[in-house]
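I opened my notebook to go through one protein chain from end to end. These are my entries, in the order I looked things up.

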Amino acid sequence: AQVVNADFIKSSVRPDDCPRDGLPEFALVGRSNVGKSSLLNSLVRRKRLALTSKKPGKTQCINHFKINDSWYLVDLPGYGYASAPQVARKDWDEFTRNYFLSRDNLVSVFLLIDASIPAKNIDLDYASWLGQNKVPMTLVFTKCDKRKKKKNGGKRPEENVECFQNLIREYFEAAPPWIMTSSVTNQGRDEILLHMSQLRNY
Ligand code: GDP
């Protein structure tokens, strides 16, 4: 299930512009700064395939990366960037939501959630929207290497993960699959790739 080659194919600004070859694809989405670029780079074992950006909300396109000439990893715009203008935010929402609902070859959305902090409403909203619309979803918890000091009131990643899952349970008939990851230690990388390969062959 390893990535042998990864090629950037194109940036699309509308679901209609996306590649039409029908190859299976997996979309990565999450709040700005969740660690999406780092995870994408870790999956393909490149330092900068997806430019890890310090400017959240910069990527406003759907970026298609073709993997091993046979499937796509799709980088979607990060959401929840507080200082983006309201209009632009509404646009991304509509555009990614359209993509989720209309893209036939979308096998699963990989929703990234930062496991180093408590659940955020915007992430809960996103997960519940996907659940209510029956969009196939996998939860990817990021930054699982980060350990908060108990004495500062911080919770362990495992506790944040469990709490998040409890909060979204009611929106799903069956609990979505979930994977704990770290782009620092590469925890979860092989598990994600294996999961994607199982979903493709399903
Ligand atoms: P994006 O905005 O979602 O693409 O997030 P980035 O990949 O640019 O990462 C945002 C910040 O989180 C950067 O400072 C990264 O170094 C940091 N980061 C990303 N992944 C991890 C991780 O797994 N562990 C830790 N400790 N930090 C991470």
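Entry 1, burial. I checked how much of the chain is tucked away: 35% of its 202 residues count as buried. I'm keeping in mind that this is a predicted model.

Entry 2, the layout. I counted five helices and seven strands in the chain. Reading from the N terminus, I wrote the order down as β-β-α-β-β-α-β-α-β-α-β-α. Then I looked at contacts with a separation of 6 or more, and 74% of those in the chain are between residues 24 or more positions apart.

Entry 3, the core. Which residues of the largest nonpolar core touch the most other members? I found Ala27, Leu28, Leu73, Val109, Leu111 and Leu112, out of 39 residues in that core. Strand β5, residues 106-114, gives the most to this core, with six residues. I picked Leu73 for a closer look. Setting aside neighbours within four places in sequence, Leu73 is in contact with Phe26, Leu28, Leu40, Leu43, Phe65 and Ile67.

Entry 4, the ligand. I found 19 residues around the ligand, and Gly35, Lys36, Ser37, Ser38 and Ser183 come nearest. Helix α1 gives the most to this shell, with three residues. I sorted the shell by type and got three nonpolar, twelve polar and four charged residues.

Entry 5, Ser183. I found this residue in the loop between β7 and α5. Is Ser183 buried or exposed? Ser183 has 22 C-beta neighbours inside 10 Å, and the cut-off for buried is 20 or more, so Ser183 counts as buried. Leaving out residues up to four places away in sequence, Ser183 touches Gly35, Ser38, Leu39 and Ser42. I also tried a pair, Ser183 and Asp69: they are 114 residues apart in sequence and 24 Å apart in space, C-alpha to C-alpha.

Entry 6, helix α5. This helix covers residues 189-201, so 13 residues, and reaches 19 Å from first C-alpha to last, close to the 18 Å expected at 1.5 Å a residue. Its buried residues are Arg189, Ile192, His195 and Met196. Why do the buried residues of α5 line one face of the helix? Seen down the axis of α5, they fall within an arc of 130°, so they line one face. I reminded myself that an α-helix has 3.6 residues a turn, so residues three or four places apart point the same way. On the other side of α5, I found Asp190, Gln198 and Asn201 exposed. The buried residues of α5 pack against β2 (25-30), α1 (36-43), β6 (137-142) and β7 (178-180).

Terms used
Residues are numbered from 1 along each chain as its sequence is written. This is a predicted model: local features need pLDDT of at least 70, side-chain atom pairs count only at pLDDT 80 or more; totals for chains, interfaces and linings use all residues. The expected span of a helix is 1.5 Å times one less than its number of residues. A residue is buried if 20 or more other C-beta atoms lie within 10 Å of its own, exposed if 12 or fewer, and partly exposed in between; C-beta atoms are placed from the backbone. The arc is that of the directions from the helix axis to the C-beta atoms. Two residues are in contact if their C-beta atoms, placed from the backbone, lie within 7 Å. A residue is near a molecule or strand if its C-beta atom, placed from the backbone, lies within 6 Å of it. Ala, Val, Leu, Ile, Met, Phe, Trp, Tyr, Cys and Pro count as nonpolar, Asp, Glu, Lys and Arg as charged, and the others, Gly among them, as polar. A nonpolar core is a set of buried Ala, Val, Leu, Ile, Met, Phe, Trp, Tyr and Cys residues joined through C-beta atoms within 7 Å.
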